[in-house]
Amino acid sequence: MIESQDISIIVQGAINTVETKKCIKSIRKYLPDAEIILSTWENEPTENLDYDIIVLNTEPSSILIDSYKSKKIYNNLNKQLISTQNGLKQATKKYTLKIRSDLIIEKPTFLEFFDNYPKRIERYKLFEHKVIIPMLLTRYNYNKNKMPFHISDWWFFGLTNDIKKYFEKTKLVEEPNFTNYFANEENKYKKNPYGKIPHKFAPEQYFGYSCFARNFDDIYMEDASDYSEELMEKYRKCLLNNFIILDFKHSGIYLNKYLFSKNEKLIGDQYIDLYNPYRYQKDYKEICDNEFLITETPILEDKKTYSKMRIYKKLYRLIEHNLPINKKLATLFFELPYSIIMFILDSLKSNRQNF
């Protein structure tokens with residue numbers, strides 16, 4: 001078993017006076033002897049936080065990408081990259097956990113999986129040991145808008161040298177051209193997989209693509225619209241050969257402000273586009289170990305499942321604390337009943353097809 005004294009933990013990002021304190025407190029509770037490196041910004045409120053090393057970075061500017069629910073959403077890619085890279089420079093232990101400053105460890109069960117799924121193939125083998133990542137935001141090859149190398153960046157656990165290999169040579173992006181990429185006249189004709197959000201790559205995809213493209217000559221993307229089935233297959237091999245993907249039940253790490261981080265299905269229909277425990281085991285068996293025994297329950301890939309996920313999404317909207325009351329009422333009396341009706345119809349259709 002990995003001991004906490006052998007782990008450097010990079011708590012990375014802006015300081016939330018409530019959530020960051022909870023984050024570090026949970027680390028001290030469950031990984032008491034770990035080296036905590038707080039990598040944040042100059043002038044952040046770091047007093048009364050329990051860390052071993054602090055890195056105060058000069059904060060770069062952020063570019064506005066969208067407004068949602070009266071909130072302004074910025075592209076913080078360069079911020080995440082700077083705070084992660086500079087935090088990694090201070091890591092002295094064999095293992096590293098890179099974690100957002102608002103994530104909480106409920107129980108460090110992710111450590112129990114570090115030596116699981118050991119089989120690998122030589123092609124696209126990059127890390128010395130597989131790195132553990134969360135299921136949420138790690139994309140599966142399902143949606144018609146493919147997102148190869150979209151690997152969740154909420155947290156990473158692995159050998160320190162492997163985490164460095166993933167991040168340390170990644171370049172900062174040039175702004176505002178990167179964030180406004182698909183809004184530029186010369187790129188408007190391209191099929192943007194992110195919908196209205198015009199950035200060249202999402203941060204998760206940029207980090208993942210940058211890492212594997214600089215290590216394998218046959219991996220190239222001009223932008224997020226530049227995908228193919230061949231590239232998706234390369235992504236799948238890179239992912240299964242270098243990562244272990246865990247849901248909350250198996251990792252014990254969650255994001256307090258998102259209920260769905262403890263029950264991923266509550267994210268709604270987006271859940272269908274993500275890896276889940278069964279999908280990971282299925283792909284692991286196919287790519288790395290054809291003798292592996294799948295133990296997870298299959299997730300059906302059909303319209304009935306999609307309709308069910310829509311119901312989960314509407315239920316989650318009802319308990320969102322920042323959703324205006326008029327939108328909650330619309331969800332309760334119109335959107336949720338409609339989703340339930342569609343689920344019933346799709347279930348009846350599915351049952352008829354099975355006879």
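Let us begin with the interior of this predicted model. Its largest nonpolar core holds 93 residues, and those that touch the most other members are Ile7, Leu97, Trp155, Phe157, Tyr166, Phe212 and Phe243. The element that gives the most to this core is helix α5, residues 229-242, with 6 residues.

Allow me to take one of these core residues, phenylalanine 212, in detail. Which residues is phenylalanine 212 in contact with, leaving aside its neighbours within four places in sequence? They are Leu126, Phe149, Ile151, Tyr166, Ile219, Cys238, Asn242 and Phe243. Two of these partners, Tyr166 and Phe243, were also named a moment ago among the core residues that touch the most other members.

Phenylalanine 212 belongs to helix α4 and is one of its buried residues. This helix, residues 203-213, is mostly covered, with 10 of its 11 residues buried. The buried residues include Glu204 and Gln205, as well as Tyr206, Phe207 and Cys211.

Helix α4 also brings us to a pocket. The second largest pocket encloses about 310 Å³ of space. There are 17 residues in its lining, and the closest to its centre are Lys171, Phe201, Tyr206, Tyr209 and Ser210. Of these, Tyr206, Tyr209 and Ser210 are buried residues of α4. By class, the lining is made up of 9 nonpolar, 2 polar and 6 charged residues.

I turn now to the cysteines. How many disulfides does a search of the whole structure find? The search finds 0. Cysteine 211, for instance, is in no disulfide, and the nearest cysteine sulfur, that of cysteine 238, is 8.5 Å away. Cysteine 211 is itself buried, with a relative accessible area of 0%. Why does cysteine 288 have no bond to the closest cysteine sulfur, in cysteine 238? The two sulfurs are 11 Å apart, which is too far for a bond. Cysteine 288 is likewise buried, at a relative accessible area of 12%.

Next, three residues in other helices. Threonine 20 lies in helix α1, residues 19-30, and is buried with a relative accessible area of 0%. Beyond residues up to four places away in sequence, threonine 20 touches Ala14, Ile15, Leu49 and Ser101. Serine 307 has its place in helix α8, residues 303-318, and is buried at 5% relative accessible area. With the same neighbours in sequence set aside, serine 307 touches Met342, Phe343 and Asp346.

Is isoleucine 325 buried or exposed? Isoleucine 325 is exposed, with a relative accessible area of 61%. This residue is found in helix α9, residues 325-354. Isoleucine 325 and leucine 336 are 11 residues apart in sequence, and their C-alpha atoms are 15 Å apart in space.

Finally, some details of the backbone. Most residues other than glycine have a negative phi, and most peptide bonds are trans. Against that background, a cis peptide bond joins glutamate 175 and proline 176, with omega about 5°. Proline 176 is found in the loop between α3 and α4. Tyrosine 117 has a positive phi of about 55° although it is not a glycine, and tyrosine 124 also has a positive phi, near 65°. Tyrosine 117 lies in the loop between β7, residues 103-105, and β8, residues 131-134; tyrosine 124 is found in the loop between β7 and β8 as well. Tyrosine 117 is buried, with a relative accessible area of 13%, and tyrosine 124 counts as buried at 5%.

Methods:
Residues are numbered from 1 along each chain as its sequence is written. This is a predicted model: local features need pLDDT of at least 70, side-chain atom pairs count only at pLDDT 80 or more; totals for chains, interfaces and linings use all residues. Side-chain values use heavy atoms; hydrogens and water are left out. A nonpolar core is a set of buried Ala, Val, Leu, Ile, Met, Phe, Trp, Tyr and Cys residues joined through side-chain atoms within 4.5 Å. Buried means under 20% relative accessible area, exposed over 50%, partly exposed in between (1.4 Å probe, protein chains only). Helices (H or I, at least four residues) and strands (E, at least two) are DSSP runs, numbered from the N terminus. Contact means heavy atoms within 4.5 Å. A disulfide is a pair of cysteine sulfur atoms within 2.5 Å. On a 1 Å grid over the protein atoms alone, a cavity is a set of points where a 1.4 Å probe fits but cannot get out, and a pocket is an open set with protein on both sides within 12 Å along at least five of seven lines; lining residues have an atom within 4 Å of a point. Grid points are joined across faces, edges and corners, and a volume is the space filled by probe spheres set on the points. Ala, Val, Leu, Ile, Met, Phe, Trp, Tyr, Cys and Pro count as nonpolar, Asp, Glu, Lys and Arg as charged, and the others, Gly among them, as polar.
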